[in-house]
Amino acid sequence: MHRHTLRAAALALSAALVSHSAGAQAAGDPKATEVWTPIPKILTPGATGADAPNDAIVLFGGKSVDAWVTASDKSPAKWTVANGVMTVNKKSGDIMTKRSFRDYQLHLEWRIPPGLEKFVGQERGNSGLYLAFNGEDGYELQIVDSYKNTTYVNGQAASLYKQTPPLANAMRKPGEWQTYDVVFTAPRFKADGSVESPGYVTAIHNGVLVQNHTALKGFTRYTGAPEYKAHGALPILLQAHGDPSPPISFRNIWLRELGRR
Ligand code: MG
């Protein structure tokens with residue numbers, strides 16, 4: 001045998017011994033792979049998946065719109081509240097949260113009123129959940145009636161508007177409540193304002209995965225290409241769309257902040 005060959009054989013033998021002994025240890029002692037700390041925080045979940053856990057920030061619990069302001073002038077939100085439901089006031093316009101958020105888990109329910117068949121495409125029950133809004137631009141998870149209502153697919157319900165169509169159309173009929181459960185990871189920016197990591201959106205519509213850790217390409221725009229502009233924690237916005245159909249409603253909106261601020 002050549003010296004090199006001998007040496008390679010010796011290395012292979014010792015590697016085999018190491019892996020054999022590691023395997024034996026794992027097989028013989030399951031405790032070697034147990035982790036006991038840090039202990040995950042203990043919380044009380046909601047009675048159902050729609051109800052807020054006890055560490056959630058309730059953004060609309062059925063009684064008041066106190067967590068929200070009118071986006072255009074920061075005056076108190078003027079959307080109407082009745083029977084535990086908040087309805088868009090198209091005249092007063094978009095509303096946004098008083099508080100700003102970075103990464104979070106959000107639950108929100110929305111309902112398209114029945115009888116809107118004469119309105120078509122983007123004109124039927126259009127609204128929008130802006131996952132972050134800087135006063136001018138944001139990231140819109142589309143809200144619109146997509147039950148037997150054809151429109152461009154990157155503008156149907158649960159699309160990241162004009163960027164990414166949903167993985168499926170899980171729309172319930174008008175008049176029924178729709179649920180969104182969303183995980184938003186805000187983008188991170190370098191000191192020079194360039195993107196360090198994009199924003200990510202995971203969304204579940206009526207229990208169906210519709211966005212799977214989808215990378216945002218920038219702010220969602222009605223016209224033109226998406227674009228990023230550096231930001232930190234931002235409010236969430238609900239859109240009062242100018243379409244001619246009657247206003248849609250919301251209920252049961254809560255959020256859990258994730259990670260460091
Ligand atoms: Mg919209």
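Gly207 is exposed in this predicted model, because just 9 other C-beta atoms sit within 10 Å of its own, and a residue with 12 or fewer counts as exposed. Gly207 belongs to the loop that links E12 and E13. Gln178 lies 29 residues away from Gly207 in sequence, yet the two C-alpha atoms are 9.6 Å apart in space.

The strands on either side of that loop pair up with each other. E12 covers residues 200–205 and E13 covers residues 208–215; they run antiparallel and are joined by 5 bridges. One of the pairs matches Ile204 with Leu209 in E13. The two strands make a hairpin with 2 residues between them. Asn206, in the turn, takes a positive phi of about 55 degrees.

Further along E13 comes another backbone oddity. His213 lies in this strand, and its phi is positive, at about 50 degrees, even though the residue is not a glycine. His213 is also on the exposed side of the cut-off, since 10 C-beta neighbours fall inside 10 Å and the limit is 12 or fewer.

Lys162 tells a similar story in a loop setting. This residue is not a glycine either, and has a positive phi of about 60 degrees. Lys162 is placed in the loop between E8 and strand E9, the latter spanning 177–185. With 18 other C-beta atoms within 10 Å, Lys162 is partly exposed, because that count falls between the limits of 12 and 20. As a backdrop to these cases, most residues other than glycine have a negative phi, and most peptide bonds are trans.

The peptide bond between Thr37 and Pro38 goes against the second of those trends: it is cis, with omega at about -5 degrees. Pro38 sits in the loop that runs from helix H1 (3–28) to E1.

E1 leads on to the pairing around E15. E15 takes in residues 249–257 and pairs with E1 (residues 57–60) in the antiparallel sense, over 3 bridges. Here Phe60 is set opposite Ile253 of E15. E15 also runs antiparallel to E4 (residues 85–87), to which 2 bridges join it. In this pairing, Thr87 has Ser249 of E15 as its bridge partner. E6 (residues 104–111) is a further antiparallel partner of E15, with 7 bridges between the two strands. Leu106 faces Leu255 of E15 across this pairing.

A separate description covers five more strands. An open sheet of 5 strands runs in the order E2-E5-E14-E7-E8, and its pairing is antiparallel. E2 (68–70) and E8 (138–143) are the edge strands, each pairing on one side only. At the E8 end, E7 (residues 127–133) pairs with E8 in the antiparallel sense over 5 bridges. Phe133 has Gly138 of E8 as its bridge partner. E8 also marks the start of the loop that holds Lys162, which continues to E9.

Definitions and conventions: Residues are numbered from 1 along each chain as its sequence is written. This is a predicted model: local features need pLDDT of at least 70, side-chain atom pairs count only at pLDDT 80 or more; totals for chains, interfaces and linings use all residues. Two strands pair if DSSP finds at least two bridges between them. Helices (H or I, at least four residues) and strands (E, at least two) are DSSP runs, numbered from the N terminus.
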